[in-house]
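Please read the following account alongside the sequence and the coordinates. It considers charged pairs, then the contact between the chains, and finally the aromatic side chains.

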Amino acid sequence: MDGNAPNRAFAHRHLLGIEGLSADEIIYLLDLADTYFEFNRGPDRKLDMLRGRTVMNLFFEDSTRTRTSFEIAGKRLGGDVINMSVRNSSIKKGETVIDTAMTLNAMNPDVLIVRHPDSGAVELLSQKVTCSVINAGDGSHEHPTQALLDALTIRRRKGRLRGLLVAICGDVLHSRVGRSNIHLLNIMGARVRVVGPPTLLPPGIERMGVEVHHDMASGLADCDIVMMLRLQTERMHGIFVPSVREYFHFFGLDYAKLAAAKPDALIMHPGPVNRGAEIDTEVADDITRSVIPEQVEAGVAVRMACLEAITRNHSTELEGAAA
Amino acid sequence: MTAAKKLPLEFAAGHQAPTGPDSPPAKAGGPKAPAPTADARVASAARTAYIDARLLDPASGLDAPGALLTEGAEIADFGPGLFADGVPEGIETVDCGAHCLAPGLVDMRVQLREPGEEHKETIMTAGRAAAAGGVTTMICLPNTTPVIDDAALVEFVISRGRKAGGANVYPYAAITQGLEGKRMTEMGLLHAAGAVAFTDGTQAVADALVMRRAMSYASTFDLLIVQHPEEPSLAAGGHMNEGETSTRLGLVGIPAAAEVIMIERDIRLVELTGARYHVAHVSTAEGVEAVRRAKARGLPVTCDTAPHYFGLNETAVGEYRTFAKLSPPLRAETDRQAIVEGVKDGTIDAIASDHAPQDQESKRLPFAQAAPGIIGLETLLPLILELHHNGHLPLADLLRRVTSAPADLLGLEAGALRKGGPADLVLFDPDRPWKIDDKRFLSKSKNSPFDGRPVQGQALRTAVGGRTVFIRED
């Protein structure tokens with residue numbers, strides 16, 4: 001892991017989304033993350049690859065696990081990690097993003113990790129800075145590191161991604177996790193289904209390369225992976241679905257519905273889990289089926305891999321070319 | 001269509017709902033009384049032979065002299081040759097006197113007023129009125145107090161209907177909680193509890209986004225969304241059809257456009273969502289035309305009308321007759337003629353009574369303050385027969401609009417003569433002349449503008465589930 005070599009395997013200045021990445025680039029990131037996964041289970045978890053580098057967590061939206069995961073990843077690689085939470089409710093969003101970006105850019109960070117409630121805002125910000133930007137979730141658009149950590153979790157358990165049947169269930173409409181996963185799984189040759197009431201599936205989703213199902217029995221049939229998405233409670237009371245009770249009855253993952261999937265199907269959830277809404281507590285906690293804690297563990301490894309892949313391009317000729 | 005029906009509640013128990021082509025149509029109205037055991041059936045299943053009947057089955061097109069045998073709650077057999085050698089002993093025999101024996105009427109739009117307004121009507125009194133009118137199945141609107149927007153209320157209405165022992169009762173459930181037009185109801189659970197379709201009753205779902213989401217969500221379970229077709233902001237403050245008559249009377253009018261605007265909007269939402277959509281009581285020429293065009297484009301759009309929209313026009317309001325106050329209002333003569341055409345060419349799939357009981361306190365008021373609605377269970381049959389007697393439609397074609405057509409729309413096992421099907425029957429004389437007399441109504445309310453109208457055709461005998469619930473004495 002020579003920090004100064006140009007990174008031809010991942011020649012990008014930013015990581016803004018999964019869409020546009022190649023299968024080779026994804027495999028490179030997953031292979032790298034795999035080594036960090038083992039490393040993170042070892043006794044000494046500190047490297048100096050990012051020594052002297054500054055990583056800034058810039059979150060325009062509340063987050064605990066993603067921010068912490070990036071923070072740990074940056075620190076384990078030896079970087080200085082700074083957390084900035086920006087409450088943007090009372091400020092005009094477009095101005096804030098650019099103004100904030102310009103201000104922070106003047107402090108010369110190496111990597112900005114950005115989350116923003118508006119789709120496209122992270123890319124907008126990336127155009128205004130000279131450092132690298134990693135998208136930690138923009139609106140309902142993309143959350144690339146989540147898709148990568150999901151892929152790493154699946155690959156570690158199933159040994160492959162190609163040919164697997166993956167059901168992504170629930171609030172696909174509002175989900176950046178869902179979209180990034182659809183891109184990644186399609187690039188990697190998995191078969192993807194989305195399952196949910198039509199009110200939670202965006203129009204034209206089938207054009208993104210998925211099969212659309214409106215009931216769990218057909219949607220989960222013979223699946224290798226059941227990926228549940230979070231449904232925010234404020235969307236449950238008659239607006240997108242009638243009630244928590246009805247949603248759980250028809251679309252919540254319990255053992256009865258899970259029976260349609262393959263016997264060794266894995267259950268995934270990006271967290272935080274709404275127990276009793278999109279997933280039954282027993283199912284979520286079933287250590288033989290649920291890999292939810294493992295996803296969190298994979299998250300740190302994937303973010304270390306992403307930070308390494310991105311910063312390897314710094315101080316090289318590639319920087320200008322890849323921008 | 002019926003094959004697509006699901007019984008979603010069974011899902012949780014791990015059962016697959018029957019969806020194959022051979023599976024019986026789901027009884028969307030929920031569970032009826034459990035079938036008696038074989039032993040009990042032998043002991044108690046009463047058998048009744050209807051002989052010398054003109055068998056009329058609109059679903060199959062059967063129109064022939066013959067006989068029919070009921071056993072318990074079911075039709076055991078029927079046909080031209082049945083009992084050619086006489087009826088075996090021990091079977092009760094009904095001589096039909098060559099009158100029409102048809103499936104009982106399925107009235108897809110009835111307000112029962114129970115719970116909440118039992119002084120206007122109850123499930124019991126409406127059931128008696130229905131039986132006298134040859135109606136064996138009533139589908140009731142959710143605009144009761146409380147509103148039928150909860151599974152427990154669906155079960156309450158079904159259970160009250162069963163206890164009342166008159167016509168079968170199946171409820172609609174509300175599209176939005178409390179009929180407030182904002183948040184959708186638990187449509188999946190309500191359907192599983194026995195709600196046959198969804199409507200906000202006498203008011204339209206005004207908000208386009210709410211309607212879009214409701215349609216979209218309903219399509220998950222292939223549920224029927226029924227709309228009261230009136231753009232409320234355009235109709236606001238109106239009391240009758242907008243036109244010369246409203247101007248002369250000095251009443252605020254409701255333009256016919258209020259109907260077509262809502263229908264056209266909803267048809268576009270159907271295109272977005274793929275939901276099954278039904279326009280209730282269409283009343284205008286343009287409304288019918290909008291549905292006609294939607295059907296021609298292959299959209300899952302249907303509609304019904306009520307007898308007053310082809311039997312009356314706005315002049316019935318006369319000198320502020322509140323019994324002729326309706327929602328939507330009685331329209332112009334050209335609209336009335338267009339409704340007749342719509343029934344004739346099949347654009348209008350079904351005819352419902354639109355039974356809306358109102359007591360005197362709600363009607364003996366200045367026109368603007370009076371409540372809208374007329375009762376219709378006891379006049380549905382003779383009023384639709386006017387279309388037959390006036391040469392517009394053959395009898396079987398007409399009957400289909402009040403039997404198998406609404407039953408199919410709602411996924412009910414009703415409205416047809418079928419071996420093993422429910423013995424819901426009406427024996428009627430299509431020609432018998434009589435005069436509508438509000439003093440003889442069995443309904444608790446008497447609000448009918450048809451009082452005194454000479455009509456032809458009357459129910460003579462009605463059976464629900466094989467049990468005779470009405471015999472005309474005169």
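Over all chains, the structure, which is a predicted model, holds 43 salt bridges. One of them lies within chain A, where Arg312(A) pairs with Glu308(A) and the closest N and O atoms are 3.0 Å apart. Glu308(A) has a relative accessible area of 0% and is buried. Arg312(A) is also classed as buried, because its relative accessible area of 17% falls under the 20% limit for that class.

Chain B offers a further buried example, in which the side chains of Glu259(B) and Arg331(B) meet in a salt bridge with an N to O distance of 4.0 Å. This pair links distant parts of the chain, 72 residues apart. Glu259(B) belongs to helix H9 (residues 257-273) of chain B, while Arg331(B) sits in the loop between helix H11 (307-311) and helix H12 (333-344) of that chain. Both partners count as buried: Glu259(B) has a relative accessibility of 0%, and Arg331(B) has a relative accessible area of 3%.

The salt bridge between Glu413(B) and Arg418(B) has an N to O distance of 2.4 Å. Here Arg418(B) is partly exposed, because its relative accessible area is 39% and the class covers values between 20% and 50%. Salt bridges in chain B also share partners, and in this way Glu264(B), Arg268(B), Glu289(B), Arg292(B), Arg293(B) and Asp345(B) are joined into one network.

Attention now turns to the interface. Chain A contributes 21 residues to the contact and chain B contributes 22 residues. Between them the two chains bury about 1900 Å², of which 62% is on carbon and sulfur atoms. On the side of chain A, the residues that lose the most area to chain B are Glu246(A), His249(A) and Phe250(A), which together account for 27% of what that side buries.

How many salt bridges does the rule find across the interface of chain A and chain B? There is one, and it is formed by Glu186(B) and Arg245(A), with the closest N and O atoms 2.4 Å apart. Seven residue pairs are in polar contact between the chains, counting pairs with both residues at pLDDT 80 or more. The side of chain A that touches chain B receives two or more residues from each of helix H7 (216-220), helix H8 (244-251) and helix H9 (255-258) of chain A. Of these, H8(A) gives the most, with five residues. By class, this side of chain A comprises 12 nonpolar, six polar and three charged residues.

The aromatic side chains lead back to the interface. A search of the whole structure finds four aromatic pairs over all chains. One of the aromatic pairs is formed by Phe250(A) and Phe221(B), whose ring centres are 4.6 Å apart and whose planes make an angle of 55°. The pair counts as tilted because the angle lies between the 30 degrees that bounds stacking and the 60 degrees beyond which a pair is edge-to-face. It crosses between chains, from Phe250(A) in helix H8 of chain A to Phe221(B) in the loop between helix H6 (208-220) and strand E10 (224-227) of chain B. Both Phe250(A) and Phe221(B) are buried. Together with Tyr217(B), these two residues form one aromatic cluster. Phe250(A) thus appears twice in this account: among the residues of chain A that lose the most area to chain B, and as a member of the aromatic cluster.

Terms used: Residues are numbered from 1 along each chain as its sequence is written. Chains are lettered from A and ligands numbered from 1 in the order in which they are written. This is a predicted model: local features need pLDDT of at least 70, side-chain atom pairs count only at pLDDT 80 or more; totals for chains, interfaces and linings use all residues. Side-chain values use heavy atoms; hydrogens and water are left out. Contact means heavy atoms within 4.5 Å. Buried area is the accessible area (1.4 Å probe) that two parts lose on being put together, summed over both. A polar contact is a pair of N or O atoms within 3.5 Å; within protein, one must be able to donate a hydrogen and the other to accept it, and residues adjacent in sequence count only if both atoms are side-chain atoms. Helices (H or I, at least four residues) and strands (E, at least two) are DSSP runs, numbered from the N terminus. Ala, Val, Leu, Ile, Met, Phe, Trp, Tyr, Cys and Pro count as nonpolar, Asp, Glu, Lys and Arg as charged, and the others, Gly among them, as polar. Rings of Phe, Tyr and Trp (its six-membered ring) pair if their centres lie within 6.5 Å; planes under 30 degrees apart count as stacked, over 60 as edge-to-face and the rest as tilted. Buried means under 20% relative accessible area, exposed over 50%, partly exposed in between (1.4 Å probe, protein chains only).
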